[in-house]
Structure formats: structure tokens, C-alpha cells
Amino acid sequence: MKVFSSAYTFDYSWEECSTANWRKYCPWNDKSTHVIAVDTLSREVDPATGILRTERLITCHQQAPAWVISLLGGSNTSHVYETSYVSPAEKRVTMCSTNLTWANILQVRETVTYQPDIRASSPGHERTQFTQDAKITAVCGGWQKIRTKIEEASVERFSENAKRGREGFEAVLEMSRRVFGEERAREQAKLH
């Protein structure tokens, strides 16, 4: 098993990040063109805790090497199952995802969190701490050396994708701030 971990501080409030998270794969994000569809399977609020739990199926077009597809079969379409928990009381978003495609060969378990970064924030300038951890395990048979190479290559690719994902989410956050700001200004103008 190999582990990928990263942390990043977004220059946006938790409210902005948690709201924009639902638009992460929209046209504002030119870094997520590989995402074909995001289907919400279920969504419910726990009345006791106020936590919003959402299950989604994310369908992607991945550029798997041709030799992998010819050897293992399949296609360039992959599916990821995601469960997210939004706790307004704790100001915390936790997203857990796992690959469904080729899970009998490679298992990827990712956990992402967004929460206020109190140390980096100041009054009127809130920031959000983003953490990302992924456990990548080759479960295919064969020699340990082969499994290790598969895991290492997967971690490298995961790292590249994580960087693009952060850049794309920054674009979504920027556009969301602008659009919501324009809408607030229109609403204020109506009141005066």
C-alpha cells in the first residue's frame, strides 16, 4: 500500500468552499473535463446532528495506457463512488471516495476534508484548510515488485491529478465569489 497526502489552504471561507464543492465539476472548472457525469444517488439530513449525507456516482474518462486496456480489458470510462458528510455545526466537509472500476486490481480510498483554518484566518479574511489522503493498494496477483510498481505509478498520477483538481477548484471558488457578489449587489440595489 502507498499513501498520498496533501494539505492546502484556500483563501476562501468555509462557507464558500463548502458551497462551491457542489459545483466542483461544472463548466467553470476547465481542469475537470475528464468528469463525464455526477449522479446523486441519495441525500439526507440527519435530524439529530444536522449532518447532510450525500452519495454520488462520478463517471470519468481516464486515459489508461493502451497496454493496460489490452491486457486487462475494459474501457477508458471509470466510476468512483463518493460519500460526503457536511456538518454545519462543526463547519466540516468530509468526502470519502473509492474506485469501482478495476477495484479487483487497484483499490483507491480517498478522504478529503474542508474546515476553517483558524490559524491562517483573520477577522473579515477567513481561510479554509483542505486535506487529502489516499490509500492506494494493488490487489492484483503476482509478484510484490509488480504490485509496488503499480502503486508507485498510481500515486504519481494521483499527485498530478490532485494538483489539477486544486487549480480547478480555485477557478470555481473565484467564479462563485464573483457571481454571488453580483447577485448580492443586485438584491441590495432592489432594496434601495
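## A pair of facing residues

Let's start with a single spot: Y81 stands opposite T98 in β5. As you look around, keep in mind that this is a predicted model.

The two strands behind this region are β4, residues 77-87, and β5, residues 92-99. Strands β4 and β5 run antiparallel to each other and are joined over eight bridges.

## The whole sheet

Now step back to the full sheet. It is open and built from seven strands, which follow the order β1-β7-β6-β5-β4-β3-β2 with antiparallel pairing. At the edges lie β1 (2-10) and β2 (35-45), each of which has a pairing on one side only. From one strand to the next, the twist averages 15°.

In general, the strands of a sheet pair through backbone hydrogen bonds, in either a parallel or an antiparallel way.

## A helix against the sheet

Helix α3 covers residues 144-191 and packs on the sheet. There, helix α3 touches β1, β6 (106-116) and β7 (128-138). The direction of helix α3 makes about 15° with that of β1.

## A closer look at T113

One residue to visit in strand β6 is T113. Is T113 buried or exposed? T113 counts as buried because its relative accessibility is 8%, and the cut-off for buried is under 20%.

What surrounds it? Setting aside neighbours within four places in sequence, T113 is in contact with R92, V93, T94, Q129, F130 and T131. With T131 there is also a polar contact, side chain to side chain, at 2.3 Å.

Note on methods:
Residues are numbered from 1 along each chain as its sequence is written. This is a predicted model: local features need pLDDT of at least 70, side-chain atom pairs count only at pLDDT 80 or more; totals for chains, interfaces and linings use all residues. Side-chain values use heavy atoms; hydrogens and water are left out. Two strands pair if DSSP finds at least two bridges between them. Helices (H or I, at least four residues) and strands (E, at least two) are DSSP runs, numbered from the N terminus. Axes are lines fitted to C-alpha atoms, for helices over the stretch in contact, and angles run from 0 to 180 degrees between N-to-C directions. Contact means heavy atoms within 4.5 Å. Buried means under 20% relative accessible area, exposed over 50%, partly exposed in between (1.4 Å probe, protein chains only). A polar contact is a pair of N or O atoms within 3.5 Å; within protein, one must be able to donate a hydrogen and the other to accept it, and residues adjacent in sequence count only if both atoms are side-chain atoms.
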